[in-house]
Amino acid sequence: MGNKSTTAKVTHKDGELTVQQHEIDSPILPVAQLEHLHTFKPDAVDWVITQTQAEAEFRRSENKRINTLVFIQQLVGQIFALLIGLAGIGAGGYVAANGQPKAGAIIAVTAITGLAAVFLTGRVKKP
């Protein structure tokens, strides 16, 4: 987990300008900012914490949903790859059994080679 905080101050004869940037893995504000918020609006701190909890629960449920959908997508892809491979071998066997053994072999080998190339390279052309 990474936390990063950057502060820049510019002083001028008319006043001072301060810019702060915070990058945190946690969705909650830094303690110093919560303390500052508490000084002028104490009930807002509880609201911020409640909203932070709600957002964290949403992120967890969304992450779980996305992981489930990715798993289903990969499983369906593998099932279709199996069906394509079996169809290619079946079509090649059918053609070979009906008097064209070279054409049947070409069909079957092409189907298996195409699937093997996709699996080995891990790349699928996307439209």
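Of the contacts in the protein chain with a separation of 6 or more, 18% are between residues 24 or more positions apart. This comes from a predicted model, and the chain in question has 127 residues, 12% of them buried. There are 3 helices and 2 strands to keep track of, and reading along the sequence gives the pattern β-β-α-α-α. As for the outside, the accessible surface of the chain adds up to about 10,600 Å², and carbon and sulfur atoms hold 64% of that.

Starting with the strands, Thr6 sits in strand β1, which covers residues 4–12. With a relative accessible area of 37%, Thr6 comes out as partly exposed. Once its neighbours within four places in sequence are set aside, Thr6 is in contact with Val19, Gln20 and Gln21. Take Gln20 from that list: Thr6 and Gln20 are 14 residues apart in sequence, yet their C-alpha atoms are 5.7 Å apart in space.

On to helix α2, which spans residues 42–97. This helix has 56 residues and reaches 83 Å from its first C-alpha to its last, close to the 82 Å expected at 1.5 Å a residue. Its buried residues are Ala44, Val45, Val48, Thr52, Ala56, Ala81, Gly85, Gly88 and Gly92. Their cover includes α1 (31–40) and α3. After α2 comes Gly99, with a positive phi near 100°.

Both salt bridges can be looked at one by one, as the structure holds 2 of them. In general terms, side chains of opposite charge can pair when their charged atoms come close. One bridge joins Arg59 to Glu55, with the closest N and O atoms 3.1 Å apart. Arg59 and Glu55 are 4 residues apart in helix α2, so about one helical turn separates them. Neither partner is hidden away under the 20% cut-off for buried: Arg59 is partly exposed at a relative accessible area of 39%, and Glu55 is partly exposed at 32%.

The other bridge links Glu62 with Arg65, and here the closest N and O atoms are 2.9 Å apart. Because Glu62 and Arg65 are 3 residues apart in helix α2, the separation is again about one helical turn. Glu62 counts as partly exposed at 23% relative accessibility, and Arg65 counts as partly exposed at 44%.

Further along the sequence there is a nonpolar patch on the surface, formed by Leu69, Phe71, Ile72, Leu75, Val76, Ile79, Phe80, Leu83 and Ile84. Together these residues have about 850 Å² of accessible area. One of them, Leu75, is found in helix α2, and its relative accessible area of 42% makes it partly exposed.

Gly85 also belongs to helix α2, but at 7% relative accessibility Gly85 counts as buried. Leaving out residues up to four places away in sequence, Gly85 touches Ile112 and Leu115. Gly85 can also be compared in position with Thr110: the two are 25 residues apart in sequence and 9.5 Å apart in space, C-alpha to C-alpha.

That leads to helix α3, residues 101–121. It has 21 residues and reaches 30 Å from its first C-alpha to its last, close to the 30 Å expected at 1.5 Å a residue. Gly104, Ala108, Ala111 and Leu115 are the buried residues in α3. Looking down the axis of α3, these buried residues fall within an arc of 60°, so they line one face of the helix. What they pack against is α2. The other side of α3 carries exposed residues, namely Lys102, Ile106, Val109, Thr110 and Leu120. Following α3 is Gly122, whose phi is positive and near 70°.

Putting the two helices side by side, the buried residues of α3 pack against α2, while α3 is in turn among the elements covering the buried residues of α2. Gly85 and Leu115 give one contact to look at here: Gly85 is on the list of buried residues in α2, and Leu115 is on the list for α3.

How values were computed
Residues are numbered from 1 along each chain as its sequence is written. This is a predicted model: local features need pLDDT of at least 70, side-chain atom pairs count only at pLDDT 80 or more; totals for chains, interfaces and linings use all residues. Side-chain values use heavy atoms; hydrogens and water are left out. A salt bridge is a side-chain nitrogen of Lys or Arg within 4 Å of a carboxyl oxygen of Asp or Glu. Buried means under 20% relative accessible area, exposed over 50%, partly exposed in between (1.4 Å probe, protein chains only). Patches are made of residues with over 30% relative accessible area and no salt bridge: like charges are joined within 9 Å, nonpolar side chains (Val, Leu, Ile, Met, Phe, Trp, Tyr) within 5 Å. Accessible areas come from the Shrake-Rupley method with a 1.4 Å probe; for residues, only the protein chains shown count as cover. Contact means heavy atoms within 4.5 Å. The expected span of a helix is 1.5 Å times one less than its number of residues. The arc is that of the directions from the helix axis to the C-beta atoms.
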